[in-house]
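Trainee: I've got this one open on my screen and I keep getting lost in it. Pick one part, please, and walk me through it closely, starting from the overall picture.

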Amino acid sequence: MPADAQTPQLCQRRLQAWTLDGSVPATFAERDARLWSAGRERFELDARTGLRLSAECHTPHERRVGEIARWPALLSPWSSNAMRAGSRLPPLAADCAADGRDAAESLQIEGLQDNALLARAPGSERGLRLSLRALGSEARIRWLVDARLVGEPRAAGTWVHDFGTPGEHTLTAVADSGAWSQVRFRVLR
């Protein structure tokens, strides 16, 4: 949307764009994202504390409406801490019943340690093959090596990939839910 048509606090980053007769193209849903929304999330806040309120709170609160803009899940590993913080819901007030909106997943890559040094077996003509899993999410996982998509397994479980190129690499696992994990490693030969 054009910046002047948006709520100012939702615009974390301004860019120049081409328009056609003043019309801005619509934002498309993330590729294959079952959980995609319009990118804006509305909620109620306590006007004094800024804490999120649910439908059931034990004490009275002066309520006001809050809103955040969510970035696409696949952008998470490359967005700044400030951008991620600006896309997070505020914490729920202690006297309010859980609303299920802040159930965050934590993803962990199993099968490769951060800063690992790897080499193929001596005398092997075949590249280095690793069997990996992303733990902590039931959502579909996308695997990226050096910021390039290399795997989108349809079923949950193990993902196998050949890492034949020597040098420094970064492996990223991103869930449809937005959870992600990243490890750096080096292939010696």
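Mentor: Let's start with how the chain meets itself: among contacts in the protein chain with a separation of 6 or more, 62% are between residues 24 or more positions apart. Keep in mind that we're looking at a predicted model. The protein chain has one helix and 11 strands, and along the sequence they run β-β-β-α-β-β-β-β-β-β-β-β. Of its 189 residues, 32% count as buried. The chain exposes about 12500 Å², with carbon and sulfur atoms supplying 51% of that.

The part I'd pick is the largest nonpolar core, with the strands that feed it. This core has 22 residues, and the ones touching the most other members are Leu-112, Leu-132, Trp-143, Phe-163, Leu-171 and Phe-185. Six strands give two or more residues each: S5 (116-118), S6 (128-135), S7 (141-145), S9 (159-163), S10 (167-175) and S11 (180-187). S6 makes the largest contribution, at four residues.

Click on Leu-171 and show its neighbours. Leaving out residues up to four places away in sequence, Leu-171 touches Ile-109, Leu-112, Leu-132, Trp-143, Leu-144, Val-145, Trp-159, Phe-163, Ser-181, Gln-182, Val-183 and Phe-185. Several of those names will come up again.

Take Leu-132 and Trp-159, for instance. Leu-132 stands opposite Trp-159 of S9, and the strands behind that match, S6 and S9, pair in the antiparallel sense over five bridges. Now look at S9 face by face: Trp-159, His-161 and Phe-163 sit on the covered face, while Val-160 and Asp-162 sit on the uncovered one.

Next, the sheet. Five strands make an open sheet with mixed pairing, in the order S5-S11-S10-S7-S8. S5 and S8 are at the edges with a single partner strand each, so each has one side without a neighbour in the sheet. From one strand to the next, the twist averages 35 degrees.

Inside that sheet, zoom in on S10 and S11. They pair in the antiparallel sense over eight bridges, and one place to see this is Val-174, which stands opposite Trp-180 in S11. Ser-181 is also in strand S11. What is its relative accessibility, and is Ser-181 buried or exposed? The value is 13%, and the cut-off for buried is under 20%, so Ser-181 counts as buried. Again skipping residues up to four places away in sequence, Ser-181 touches Leu-107, Gln-108, Ile-109, Leu-171, Thr-172 and Ala-173.

The loop between S10 and S11 holds Ala-179. This alanine is buried as well, with a relative accessible area of 8%. Try a distance from Ala-179 to Gly-136: the two are 43 residues apart in sequence, yet their C-alpha atoms are 8.7 Å apart in space.

Now slide over to the other end of the sheet order, where S7 leads into S8. Most residues other than glycine have a negative phi. Asp-146 and Ala-147 don't follow that habit: phi is near 50 degrees at Asp-146, and about 65 degrees at Ala-147. Asp-146 lies in the loop between S7 and S8 (148-151), and Ala-147 lies in that loop too. Asp-146 counts as partly exposed at 37% relative accessibility, and Ala-147 gets that label at 49%.

One last stop, back along the chain: the disulfide. There is one in the structure, joining Cys-57 to Cys-96 with an S to S distance of 1.9 Å. The torsion about its S-S bond is about 100 degrees, so the disulfide is right-handed. It links distant parts of the chain, 39 residues apart: Cys-57 is in the loop between S2 (52-53) and S3 (63-69), and Cys-96 is in the loop between H1 (81-86) and S4 (108-110). Cys-96 counts as buried, at 9% relative accessibility.

If you want a single residue to keep on screen, I'd use Leu-171. Its contacts include Leu-132, Trp-159 and Ser-181, so you can retrace the tour from there: Leu-132 leads to its opposite number Trp-159 in S9, and Ser-181 leads into S11.

Definitions and conventions:
Residues are numbered from 1 along each chain as its sequence is written. This is a predicted model: local features need pLDDT of at least 70, side-chain atom pairs count only at pLDDT 80 or more; totals for chains, interfaces and linings use all residues. Side-chain values use heavy atoms; hydrogens and water are left out. Buried means under 20% relative accessible area, exposed over 50%, partly exposed in between (1.4 Å probe, protein chains only). Contact means heavy atoms within 4.5 Å. Accessible areas come from the Shrake-Rupley method with a 1.4 Å probe; for residues, only the protein chains shown count as cover. A nonpolar core is a set of buried Ala, Val, Leu, Ile, Met, Phe, Trp, Tyr and Cys residues joined through side-chain atoms within 4.5 Å. Two strands pair if DSSP finds at least two bridges between them. A disulfide is a pair of cysteine sulfur atoms within 2.5 Å. Axes are lines fitted to C-alpha atoms, for helices over the stretch in contact, and angles run from 0 to 180 degrees between N-to-C directions.
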